[in-house]
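The exercises below are to be worked with the sequence and the coordinates at hand. Each task is followed by a solution in steps.

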Amino acid sequence: MTYLVMDACIRCKLMDCVEVCPVDCFYEGENALVINPAECIDCGVCEPECPVDAIKPDTEDRPDGHWLKINTIYANLWPNITARGEPPSDSDLYRQETGKFEKYFSEQAGRS
């Protein structure tokens, strides 16, 4: 099992999870974070730190493994992040929204 960042993170990117990760397996995109499944040690300390409940075990992924694929692909493209940064200034507007991947996901890397 591994943990994955899912839809709720998009446009919120609150980063409370980043500083508690003992193996620094978070990667930052323009408007979301991902976890590198190959680096995640399945400790679960990040899951309760996420205020929008965006981090889930891979057992809660879609049947097609959508979030495992997204996390794997972008963890290999985006820069590693080891310290909490500032969330987007408008993140409060998107916290309760669903279906954000199709509407807002950006393939662009975050800060480096």
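**Exercise 1.** In which segment does Ser-106 lie? Determine its burial and its contacts.

Solution.
The model is a predicted one, in which local features need pLDDT of at least 70 and side-chain atom pairs count only at pLDDT 80 or more, while totals for chains, interfaces and linings use all residues. Residues are numbered from 1 along each chain as its sequence is written, and side-chain values use heavy atoms, with hydrogens and water left out.

- Step 1. Ser-106 lies in the segment after helix 2; helices (H or I, at least four residues) and strands (E, at least two) are DSSP runs, numbered from the N terminus.
- Step 2. Ser-106 has a relative accessible area of 11% and is therefore buried. The classes are buried under 20% relative accessible area, exposed over 50% and partly exposed in between, with a 1.4 Å probe and protein chains only.
- Step 3. Not counting residues up to four places away in sequence, Ser-106 touches Glu-30, Asn-31 and Trp-78; contact means heavy atoms within 4.5 Å.
- Step 4. With Glu-30 there is a side-chain to side-chain polar contact of Ser-106, at 2.5 Å. A polar contact is a pair of N or O atoms within 3.5 Å; within protein, one must be able to donate a hydrogen and the other to accept it, and residues adjacent in sequence count only if both atoms are side-chain atoms.

**Exercise 2.** Describe the aromatic pair of Trp-67 and Phe-101 and place it in the chain.

Solution.
- Step 1. A pair of aromatic rings is described by the distance of the centres and the angle of the planes. Rings of Phe, Tyr and Trp (its six-membered ring) pair if their centres lie within 6.5 Å; planes under 30 degrees apart count as stacked, over 60 as edge-to-face and the rest as tilted.
- Step 2. The structure holds 6 aromatic pairs. In the pair of Trp-67 and Phe-101 the centres are 5.4 Å apart and the planes stand at 80 degrees, an edge-to-face arrangement.
- Step 3. Trp-67 belongs to helix 1 (residues 66-75) and Phe-101 to helix 2 (residues 100-104), so the pair ties together parts 34 residues apart in sequence.
- Step 4. Trp-67 is buried at 5% relative accessible area, and Phe-101 is buried at 17%.
- Step 5. Ring pairs join Trp-67 and Phe-101 with Tyr-74, Trp-78 and Phe-105 in a cluster.

**Exercise 3.** Which residues does Asp-61 contact beyond its neighbours within four places in sequence? Examine its charge partners as well.

Solution.
- Step 1. Asp-61 is in the loop between strand 4 (55-57) and helix 1.
- Step 2. Outside its neighbours within four places in sequence, Asp-61 contacts Leu-4, Met-6, His-66, Trp-67 and Leu-68.
- Step 3. A polar atom of the Asp-61 side chain lies 3.0 Å from the backbone nitrogen of Trp-67.
- Step 4. Asp-61 is buried and has no salt bridge; Arg-62, the nearest side chain of opposite charge, is 5.7 Å away. A salt bridge is a side-chain nitrogen of Lys or Arg within 4 Å of a carboxyl oxygen of Asp or Glu. For charge, Lys and Arg count as positive and Asp and Glu as negative, while His and the chain ends are not counted.

**Exercise 4.** Work out the surroundings of Arg-11, beginning with its loop.

Solution.
- Step 1. Arg-11 lies in the loop between strand 1 and strand 2 and is partly exposed, with 21% relative accessible area.
- Step 2. The side chain of Arg-11 meets that of Asp-90 in a salt bridge at 3.1 Å, N to O. Asp-90 is in the loop between strand 5 (80-81) and helix 2, so that distant parts of the chain, 79 residues apart, are linked. At 25% relative accessibility, Asp-90 is partly exposed.
- Step 3. The charged end of Arg-11 also sits over the ring of Tyr-104, 5.0 Å from its centre. The criterion is NZ of Lys or CZ of Arg within 6 Å of the ring centre and within 35 degrees of the ring normal.
- Step 4. Tyr-104 is found in helix 2 and is partly exposed at 24%. Its contacts, leaving aside neighbours within four places in sequence, include Ile-10, Arg-11 and Glu-97.
- Step 5. Most residues other than glycine have a negative phi. Arg-11 is not a glycine, yet has a positive phi of about 70 degrees.
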